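Good morning, and thank you for joining this short presentation. May I ask you to look at the sequence and the structure before I begin.

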Amino acid sequence: MPAGEQMVVLGHVIGPHGIRGQLKIASYTETIEGLFDYPVWWLGKDGSHWRAVHPASYIIHDGRLIATVAGSSDRTSASELKGLQIAVPRSELPQLPENGEDGYYWLDLIGMHVCNTQGEALGTVTGLLETGANEVLQVGLAGSDKERLIPFIDQIIVEVDLKSRRITADWGLDY
């Protein structure tokens, strides 16, 4: 991993595909093949022990990205990569304005405080889930191991204020 670089997870390896070392990939990029905008992927788990791999080719099969990476030539080597996250250094991502008007990265939302339209604290963003229908904020409750799941959709999310690190949601405390 590049020294001091913040890594941004853009997908993960679901598992092997076929017998020639191909990988089934879950891509979190805007387009399914967006991972191939990056000439080097960093594979790791839980944000540590990143190692570089070079993506070689891909196809889209049944709405899923099937990729070949250098060094993965058979099903056994592909199986060893199952479950690994695919990341790139933050510096390689397109720059976005700090005000968030042109978007933001999920990573930017982690740790933000969430309150409802009445000003009541709902918790702190601990992660995001992609459900297929829409994204969902995982909001940890202070002083507890419980979490609140809040749909990350325009009808619920009123404002994302990157500068003050605060998300306002039309969501009740009892939901």
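I shall go from the overall picture to one hairpin, then to the charged residues and two turns.

This is a predicted model, in which local features need pLDDT of at least 70, side-chain atom pairs count only at pLDDT 80 or more, and totals for chains, interfaces and linings use all residues. Residues are numbered from 1 along each chain as its sequence is written, and side-chain values use heavy atoms, with hydrogens and water left out.

Let me start with the whole. The protein has two helices and 13 strands; helices (H or I, at least four residues) and strands (E, at least two) are DSSP runs, numbered from the N terminus. Along the principal axes, the C-alpha atoms fill a box of roughly 55 × 30 × 30 Å. Of the 175 residues, 39% are buried. Here buried means under 20% relative accessible area, exposed over 50%, and partly exposed in between, with a 1.4 Å probe and protein chains only.

I turn to the hairpin. Strand 5, residues 55-61, and strand 6, residues 64-69, run antiparallel and are joined by six bridges. For two strands to count as paired, DSSP must find at least two bridges between them. Pro55 has Val69 of strand 6 as its bridge partner, and Ile59 stands opposite Ile66 in strand 6.

Two residues lie between the strands of this hairpin. One residue in the turn is Asp62, with a positive phi of about 55° although Asp62 is not a glycine. Is Asp62 buried or exposed? Asp62 is exposed, as its relative accessible area is 74%.

Strand 6 has a further partner. Strand 2, residues 22-27, pairs with strand 6 in the antiparallel sense over three bridges, and there Leu23 is matched with Ala67 of strand 6. Why is strand 6 described as largely enclosed by the rest of the structure? The reason is that five of its six residues are buried.

Next come the charges. How many salt bridges does a search of the whole structure find? The search finds one, a salt bridge being a side-chain nitrogen of Lys or Arg within 4 Å of a carboxyl oxygen of Asp or Glu. The salt bridge joins Asp108 and Arg90, whose closest N and O atoms are 2.8 Å apart. This pair links distant parts of the chain, 18 residues apart: Asp108 is in helix 2, residues 106-109, and Arg90 is in the loop between strand 7, residues 85-89, and helix 2. Asp108 is buried, with a relative accessible area of 17%, whereas Arg90 is partly exposed at 25%.

Helix 2 also holds Trp106, which is partly exposed with a relative accessible area of 30%. Trp106 and Leu137 are 31 residues apart in sequence, and their C-alpha atoms are 9.7 Å apart in space.

Finally, I return to the matter of phi. Where does Arg165 lie? Arg165 lies in the loop between strand 12, residues 157-161, and strand 13, residues 166-169. Arg165 has a positive phi of about 55° although it is not a glycine. With 31% relative accessibility, Arg165 counts as partly exposed.

To close, I would point once more to strand 6, which is joined to strand 5 by six bridges and to strand 2 by three. Thank you for your attention.
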